[in-house]
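Trainee: I'd like to learn how to read a sheet and one residue inside it. Can we go through it step by step?

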Amino acid sequence: MSAGLPVFRYHPDPVASGSIRAAAETCACCDRDTGWIYTAAFYSAEEPGGRFCPWCIADGSAAARFAGEFSDSYGLAGVSEDVLHEVTRRTPGFHAWQDPHWLVHCQDAAAFLGEVGYAELAAHPEALDRLRAEMRLDGWRDEKQLEQFLTHLGKSATAMLFRCTVCGTHLAYVDAS
């Protein structure tokens with residue numbers, strides 16, 4: 001994480017994930033050029049007319065002013081309303097081919113670590129095993145095809161890697177173009 005930026009519990013390094021980048025742009029919420037700007041989606045009926053600085057995301061002012069959210073609440077079932085609001089209104093979202101969504105473990109939102117390919121995912125066997133199990137439930141019956149698909153993650157599909165903020169378990173879901 002870059003020094004001086006707000007800390008986001010559920011997205012610990014938004015610079016590494018590409019959701020925040022250095023930029024000489026004025027924030028659509030506070031009208032300041034902080035040197036950093038948010039680059040991922042913002043869901044709102046009202047067009048903000050620009051992007052937001054990390055501070056207006058962290059304090060919730062951007063979401064409040066423009067009645068919007070940085071992430072969909074899909075996948076966040078079972079978390080408290082405070083956690084739901086922190087993830088959707090005070091945490092930078094992330095780039096994905098499909099609609100991005102947050103994973104939950106231990107009744108808390110997990111921390112988004114980034115988009116990974118098979119090599120990075122294999123470093124977290126619990127995430128890979130859970131992903132295999134979920135894909136089988138989604139209809140992947142041929143084990144050879146499943147493994148071939150997983151070992152080619154990073155090309156036409158990637159995995160979104162998360163870590164439980166309570167127990168540290170890694171989780172992932174597949175995102176494909």
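Trainee: Which residue stands opposite Tyr-173 in β9?

Mentor: Some ground rules before that. This is a predicted model, where local features need pLDDT of at least 70 and side-chain atom pairs count only at pLDDT 80 or more, while totals for chains, interfaces and linings use all residues. Residues are numbered from 1 along each chain as its sequence is written, and side-chain values use heavy atoms, with hydrogens and water left out. Now, your residue: Met-160 is the one opposite Tyr-173.

Trainee: In what sense do β8 and β9 pair, and over how many bridges?

Mentor: Generally, strands of a sheet pair through backbone hydrogen bonds, either parallel or antiparallel. Strands here are DSSP runs (E, at least two residues), numbered from the N terminus, and two of them pair if DSSP finds at least two bridges between them. β8 (residues 157-163) and β9 pair in the antiparallel sense, over seven bridges.

Trainee: What is the strand order of the open sheet?

Mentor: The order is β7-β8-β9, three strands with antiparallel pairing. β7 (111-116) and β9 (170-176) are the edge strands, each pairing on one side only.

Trainee: Is Thr-158 buried or exposed?

Mentor: Buried means under 20% relative accessible area, exposed over 50%, partly exposed in between (1.4 Å probe, protein chains only). Thr-158, in strand β8, is buried because its relative accessible area is 5%.

Trainee: Which residues is Thr-158 in contact with?

Mentor: Contact means heavy atoms within 4.5 Å. Leaving aside neighbours within four places in sequence, the contacts of Thr-158 include Trp-97, Glu-115, Leu-153 and Tyr-173.

How values were computed
Helices (H or I, at least four residues) and strands (E, at least two) are DSSP runs, numbered from the N terminus.
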